[in-house]
Amino acid sequence: MSKRTSYAAVAANGGKAKGDVDVTGEPSDETYDKQKDLLSAEAGHFSLVRAMHLADLITELNGLCGVLSVFSSLRYCAGDPSAISDIYVALGFLPFGLFFDFFDGKVARWRKKSSMMGQELDSLADLISFGVAPAAVAFAIGFRTPLDHLCLAFFVLCGLTRLARFNVTASSIPKDATGKAAYFEGTPIPTTLGLDAVMAWWVSNGWIHDNLPGGVWFAGTPLEVHPVVLAFMIHGCMMTSKTIHIPKP
């Protein structure tokens, strides 16, 4: 998860969205007004690009890693099932997404610029890299029954809901002396890298397609499902849990 200030935290400041907030929690109206003006301008070349902070561009790299991972999974599905290099590439992009997810927060604190747009970008990039991309890998390696698809969709939607809740409730979570939230409510979505590591292990052992661990239940019926897909559902429930509190590093 990003350590960049959320829109909710800013909007809670007197009930008005004042824009950029630095690492001490103090609003920076001048920076925000410039970004807001650029984003709302009816004319102007590259106004969207000029409105972005350096941290926002790093967040885009997180999203890029997720998109390229999805494309690699699709390339595998369209090719020879025995040629697993594309699956390794798909899984390999995701740790780089985590790197950029951490790095954008460091840059935002270094430059003392953390915008509402940056927070939204971060959540959307996380959804791609740590929600959609792992589900695409799971589909590629053999989770292809209709019930598998529903379970994977549940996992992605849990990630979506978890990120939306984070944006809304960030201002109400207890803060430390620096203004940083003391804990994550529910497991952060980047913890799906654990599932990615498990899938990489399966691929290395040839446990994919017909050899997925646990086999398939109710084969040939509308309820046909691979039982190990429950791992994705359990992880989704952990992400949306309100009772699980993970201390922030």
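# Close-ups of a predicted model

**View 1. Here is the largest nonpolar core, which has 36 residues.** The residues with the most contacts inside this core are Ile-141, Phe-143, Met-199 and Phe-232. Six helices each supply at least two residues: H4 (54-78), H5 (85-111), H6 (116-141), H7 (146-169), H8 (193-204) and H9 (230-240). Which helix gives the most to this core? That's H6, with nine residues. Keep in mind throughout that the model is predicted. As a bit of background, nonpolar side chains in soluble globular proteins tend to be buried together.

**View 2. Now zoom in on Ile-141 and its partners from elsewhere in the chain.** Leave aside the neighbours within four places in sequence, and what does Ile-141 still contact? The list runs Ile-87, Met-199, Trp-202, Val-203, Ile-208, His-209 and Leu-212. Apart from the largest core lies another core, this one of six residues. Among them are Ile-58, Cys-65, Phe-100 and Val-107.

**View 3. This one is all about helix H8 and its buried residues.** You can check the helix with a little arithmetic: at 1.5 Å a residue, the twelve residues of H8 should span 16 Å, and the end C-alpha atoms are indeed 16 Å apart, so the two agree. Which residues of H8 are buried? They are Leu-193, Leu-195, Asp-196, Met-199, Trp-202 and Val-203. Look down the axis of H8 and these buried residues fall within an arc of 165 degrees, which means they line one face of the helix. After H8 comes Gly-206, with a positive phi near 75 degrees.

**View 4. Meet Phe-155 and Phe-232, an edge-to-face pair of rings.** The model has seven aromatic pairs in total. In this one the ring centres are 5.3 Å apart and the planes sit at 80 degrees; because planes over 60 degrees apart count as edge-to-face, that is the label for this pair. The pair links distant parts of the chain, with Phe-155 in helix H7 and Phe-232 in helix H9, 77 residues apart. Are these rings buried or exposed? Phe-155 is buried, at 0% relative accessible area, and Phe-232 is buried too, at 2%. Both also belong to one aromatic cluster, together with Phe-143 and Trp-202.

**View 5. Trp-201 and Trp-207 make another edge-to-face pair.** Their rings are 5.0 Å centre to centre, with 75 degrees between the planes. Trp-201 is partly exposed, with a relative accessibility of 49%. Trp-207 counts as partly exposed as well, at 31%.

**View 6. Here a charge sits over a ring.** The charged end belongs to Arg-144, and the ring belongs to Phe-139. How far is that charged end from the ring centre? It's 5.1 Å away.

**View 7. Thr-192 is tucked into a loop between strand S1 (183-185) and H8.** Is Thr-192 buried or exposed? Buried, at 0% relative accessibility. Not counting residues up to four places away in sequence, Thr-192 touches Phe-130, Pro-134, Phe-155, His-235 and Met-239. You'll recognise Phe-155 as part of the ring pair with Phe-232.

**View 8. Two residues in the loop between H8 and H9 have a positive phi: His-209 and Phe-218.** His-209 has a phi of about 55 degrees, although it is not a glycine. Phe-218 isn't a glycine either, and its phi is also positive, about 55 degrees. His-209 is partly exposed, with a relative accessible area of 24%, and it is one of the contacts of Ile-141.

**View 9. Glu-60 in helix H4 has a contact from far along the chain, Leu-121.** Glu-60 and Leu-121 are 61 residues apart along the chain, and their C-alpha atoms are separated by 7.4 Å. Leaving out residues up to four places away in sequence, Glu-60 touches Met-52 and Leu-121. At 35% relative accessibility, Glu-60 counts as partly exposed.

**View 10. Finally, step back to the whole chain, with its nine helices and two strands.** From the N terminus on, the elements run α-α-α-α-α-α-α-β-α-α-β. Of the 249 residues, 46% are buried. Take the contacts between residues at least 6 apart in sequence, and 74% of them join residues at least 24 apart.

How values were computed:
Residues are numbered from 1 along each chain as its sequence is written. This is a predicted model: local features need pLDDT of at least 70, side-chain atom pairs count only at pLDDT 80 or more; totals for chains, interfaces and linings use all residues. Side-chain values use heavy atoms; hydrogens and water are left out. A nonpolar core is a set of buried Ala, Val, Leu, Ile, Met, Phe, Trp, Tyr and Cys residues joined through side-chain atoms within 4.5 Å. Buried means under 20% relative accessible area, exposed over 50%, partly exposed in between (1.4 Å probe, protein chains only). Helices (H or I, at least four residues) and strands (E, at least two) are DSSP runs, numbered from the N terminus. Contact means heavy atoms within 4.5 Å. The expected span of a helix is 1.5 Å times one less than its number of residues. The arc is that of the directions from the helix axis to the C-beta atoms. Rings of Phe, Tyr and Trp (its six-membered ring) pair if their centres lie within 6.5 Å; planes under 30 degrees apart count as stacked, over 60 as edge-to-face and the rest as tilted. A charge sits over a ring if NZ of Lys or CZ of Arg is within 6 Å of the ring centre and within 35 degrees of the ring normal.
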